[in-house]
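Trainee: I should like to work through this model with you, one topic at a time. Where shall we begin?

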Amino acid sequence: MTTLYNHRRTTDLYPTRGTSEAMMPRHDPVVWSPPGTPGPLGRAGLLDFERAGFTTVDALLSPDEVALYRAELDRLVRDPAIRADERAVVEPTSRDIRSVFEVHRISEVFASLVHDERVVGAARQILGSDVYVHQSRINVKPGFGASGFYWHSDFETWHAEDGLPRMRAASVSIALTDNHATNGSLMIIPGSHQTFLSCAGATPQDNYKTSLRMQEAGTPSNEAITALAEPNGIRLITGRSGSATWFDCNCMHGSGDNITPYPRSNVFLVFNSVENRAEEPFAAPARRPAFVGARDFTPVR
């Protein structure tokens, strides 16, 4: 399968959304920079990222910085104009705001976080090039019923529906509240980033309108999750507010519901290499909107 974009053909290394599910080995590096490249993650962080597909930072933000970003999150969630914006996703039952996308364009406060060298510098260190923001959002899980998100690989969606050709993107989830074992925290299958799971089933038209609330297209079978988890189990990512988790775009991950009294709110930033810019979708009828999958490839400076 090939995709035509700007008079250049790119071979589809990761075909998906066909008639059957299949597993295939990763064809791309995990860490794209040369060994010993300096940066915020350090040598140990890069080794963890390459081996497991993720690495954690115990205190990326200071308490004062957490308070600043948390106040901005609370302001955005309370703003009626944000609720009415198509970039806001609400819970289907409670009608609470679940996510706000393109938050680095909506908020100058969150824009400053994108340009923070502790953040963008780590992205460059992993991806070995200048980077741009493919996606940004705040995720809000208020207590007593905020729904989780089923197992998925972000890359499978970004490849199929946004046209990212290679596995050269990385995400960081920064905790703005304490992430407990009980309030719907992130779960990652270590080592799963080395296997691409080609999912079964065609992508519906305007799939993003439902997938941002509950993903169905691009989800793995129970058998596939069991096979991926068998070698190394499942890691539950917890941490105090201000902590952060960097993870590879192809990590299989998900999260459970939050039925506790304790909210879980994180800011989520996706950086993609400028050498891996989005083309046309590989397995979807049309591009998703730019607030979900960016088409502005300007490097972050």
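Mentor: A disulfide is a pair of cysteine sulfur atoms within 2.5 Å. The model is predicted, and local features need pLDDT of at least 70, side-chain atom pairs count only at pLDDT 80 or more, and totals for chains, interfaces and linings use all residues. Residues are numbered from 1 along each chain as its sequence is written, and side-chain values use heavy atoms, with hydrogens and water left out.

Trainee: How many disulfides does the structure hold?

Mentor: A disulfide is a covalent bond between the sulfur atoms of two cysteines. For C199, the nearest cysteine sulfur is that of C249, 14 Å away. For C251, the nearest is again that of C249, 8.3 Å away. Neither C199 nor C251 is in a disulfide, and the total for the structure is zero.

Trainee: Is C251 buried or exposed?

Mentor: Buried means under 20% relative accessible area, exposed over 50%, and partly exposed in between, with a 1.4 Å probe and protein chains only. C199, at 2%, is buried. C251 has a relative accessibility of 0%, so C251 counts as buried.

Trainee: Why is helix α7 largely enclosed by the rest of the structure?

Mentor: Helices (H or I, at least four residues) and strands (E, at least two) are DSSP runs, numbered from the N terminus. Helix α7 covers residues 154-162, and its buried residues include F155, W158 and H159. The helix is largely enclosed because the buried residues number nine of the nine.

Trainee: Which residue has a side-chain oxygen that reaches the backbone nitrogen of F155 at the start of α7?

Mentor: A polar contact is a pair of N or O atoms within 3.5 Å; within protein, one must be able to donate a hydrogen and the other to accept it, and residues adjacent in sequence count only if both atoms are side-chain atoms. At the other end, α7 is followed by G163, with a positive phi near 85 degrees. At the start, the oxygen comes to within 3.3 Å of the nitrogen of F155, and the residue that supplies it is S153.

Trainee: Which element gives the most residues to the lining of the largest cavity?

Mentor: On a 1 Å grid over the protein atoms alone, a cavity is a set of points where a 1.4 Å probe fits but cannot get out, and lining residues have an atom within 4 Å of a point. Two cavities of 30 Å³ or more are present, and the largest holds about 530 Å³, a volume being the space filled by probe spheres set on grid points joined across faces, edges and corners. Its lining has 32 residues, with R137, N139, F149, H152 and H253 nearest the centre. Helix α7 is among the elements that give two or more residues, but the most, five, come from β7.

Trainee: Which helix supplies the largest share of the largest nonpolar core?

Mentor: A nonpolar core is a set of buried Ala, Val, Leu, Ile, Met, Phe, Trp, Tyr and Cys residues joined through side-chain atoms within 4.5 Å. This core has 40 residues, and F110, L113, V119, I174, W246 and F271 touch the most other members. The largest share, six residues, comes from residues 117-127, helix α6. Apart from this core lies another of 23 residues, among them A52, Y132, A278 and A294, while the helix asked for is α6.

Trainee: How many residues apart along the chain are F291 and R87?

Mentor: F291 lies in the segment after β15 and, at 7% relative accessibility, counts as buried. Contact means heavy atoms within 4.5 Å, and beyond its neighbours within four places in sequence F291 is in contact with E86, R87, F101, E102 and Y208. The C-alpha atoms of F291 and R87 are separated by 6.8 Å, and the separation along the chain is 204 residues.

Trainee: What is the phi of E102?

Mentor: E102 lies in the loop between β6 and α4 and is buried, at 14%. Its phi is positive in a residue other than glycine, with a value near 55 degrees.

Trainee: What is the phi of R17?

Mentor: R17 is found in the loop between β2 and β3, and its relative accessible area of 7% makes it buried. R17 is also a residue other than glycine with a positive phi, near 60 degrees.

Terms used
1 Å grid on protein atoms, 1.4 Å probe; cavity = no way out; pocket = protein on both sides within 12 Å on 5 of 7 lines; lining within 4 Å.
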